[in-house]
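The following exercises concern a predicted model. Each consists of a task and a solution in steps.

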Amino acid sequence: MYRVAIVGSGPAGLSAAGRAAALGMSHVLIEKTDHLSDTIYRYQKGKHVMATPANLVLRSDLDFDAGKREAILDAWSGQVQAKQINVRFNAEITAIEGEAGHFKLQLKNGEAIEAEAVVLAIGTQGNPNRLRIPGADLPHVQYQLDDPGEYVDEHITVVGSGDAGIENALGLAADPAQRNVVTILNRGTDFARAKDANVKLLEAAEQEGRIIVRRECSPSEVRPGELMLDTRDGQEPIRCDRIIARTGSQPPRGFVESCGIEFTSADAGAFPRLSPSFETTKPGIHVIGALAGYPLIKHCMNQGY
């Protein structure tokens, strides 16, 4: 029986486990994959990870500063070993049963983990918002970009004008030798959901002719080799060999509710109802990080601490 079971090894879960280890608390950090911090692990290769907001002081037993994805993951891996954080990999939770003081976490392999308290830090990235247009199930529509260097001589359309979409578009257009024609779609005229630094990089790439920015348009139908757009002037087809859809994600509501946790509303984008100490409506289960509505890494790590 552990004092606390922490589900999810992203920044929030890692920081919580690091604090538990520093306090000498009996703990287990449960990760369904074979590596730490799957969300950051799945960032595109070479991605620069920002440490915003700059004025927020980091409170965590693990270090974090702006830098390349690979350097951050390597640093955390080393610190997990040095601090003797108890991690269990390849352990997917299918259900959480019991009450405060004695929870049983059922694993997909049939085993169970027992703990007095539970911290859910599972994020939302495993539940992406999918395109809801004809043809969206075609094989050249994807919701993740691991390595921009894999694609050569393709017409690629990025759907989604937040930071993830902009960074994917910039990565795909970074090397002229790949000869990709990269287009990014934006429903509006500006990029209100993205960081200023990313918007400036995108605008510079547009001016240099490396990226095509289509404003006030949206996808209406996916066809083999072609994407139909709804524009101000009506429908327009563009050549498209691949679609990278970065349209956000939603909390895994079904699983969370099955644990006895209530949400703030019936809205699809609602988050669990939490106390000031991040405890849910199920006593003994806390929620932190992106699942609590705080996606910035520093916020997540401070909550975990």
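**Exercise 1.** Determine which residues lie on the face of α5 turned away from its buried side, and where the buried residues lie around the axis.

*Solution.* The face of α5 turned away from the buried side carries the exposed residues Asp-196, Lys-200 and Gln-207. Next, list the buried residues of α5, which are Asn-198, Val-199, Leu-202 and Ala-205. These cover an arc of only 125 degrees around the axis, and therefore lie on the same side of α5. Finally, consider the helix as a whole: α5 spans residues 196-207 and has 12 residues. From its first C-alpha to its last it reaches 16 Å, close to the 16 Å expected at 1.5 Å a residue.

**Exercise 2.** Establish how many disulfides the model contains, and state whether Cys-217 and Cys-240 are buried or exposed.

*Solution.* A disulfide requires two cysteine sulfur atoms within 2.5 Å. By this rule the count is zero. For Cys-217, the nearest cysteine sulfur is that of Cys-240, 12 Å away. Cys-240 is likewise in no disulfide, its nearest cysteine sulfur being that of Cys-217. Cys-217 is buried, with a relative accessible area of 4%. Cys-240 is also buried, with a value of 0%.

**Exercise 3.** Describe the second largest pocket: its volume, its central residues and the character of its lining.

*Solution.* The space in this pocket is about 300 Å³. Of its 18 lining residues, Val-4, Ala-16, Val-119, Gly-304 and Tyr-305 are the closest to the centre. At least two lining residues come from each of β1 (2-7), α1 (11-22), β8 (112-120) and α7 (297-304). By character, the lining comprises 12 nonpolar, four polar and two charged residues.

Definitions and conventions:
Residues are numbered from 1 along each chain as its sequence is written. This is a predicted model: local features need pLDDT of at least 70, side-chain atom pairs count only at pLDDT 80 or more; totals for chains, interfaces and linings use all residues. Side-chain values use heavy atoms; hydrogens and water are left out. Buried means under 20% relative accessible area, exposed over 50%, partly exposed in between (1.4 Å probe, protein chains only). On a 1 Å grid over the protein atoms alone, a cavity is a set of points where a 1.4 Å probe fits but cannot get out, and a pocket is an open set with protein on both sides within 12 Å along at least five of seven lines; lining residues have an atom within 4 Å of a point. Grid points are joined across faces, edges and corners, and a volume is the space filled by probe spheres set on the points. Helices (H or I, at least four residues) and strands (E, at least two) are DSSP runs, numbered from the N terminus. Ala, Val, Leu, Ile, Met, Phe, Trp, Tyr, Cys and Pro count as nonpolar, Asp, Glu, Lys and Arg as charged, and the others, Gly among them, as polar. The expected span of a helix is 1.5 Å times one less than its number of residues. The arc is that of the directions from the helix axis to the C-beta atoms.
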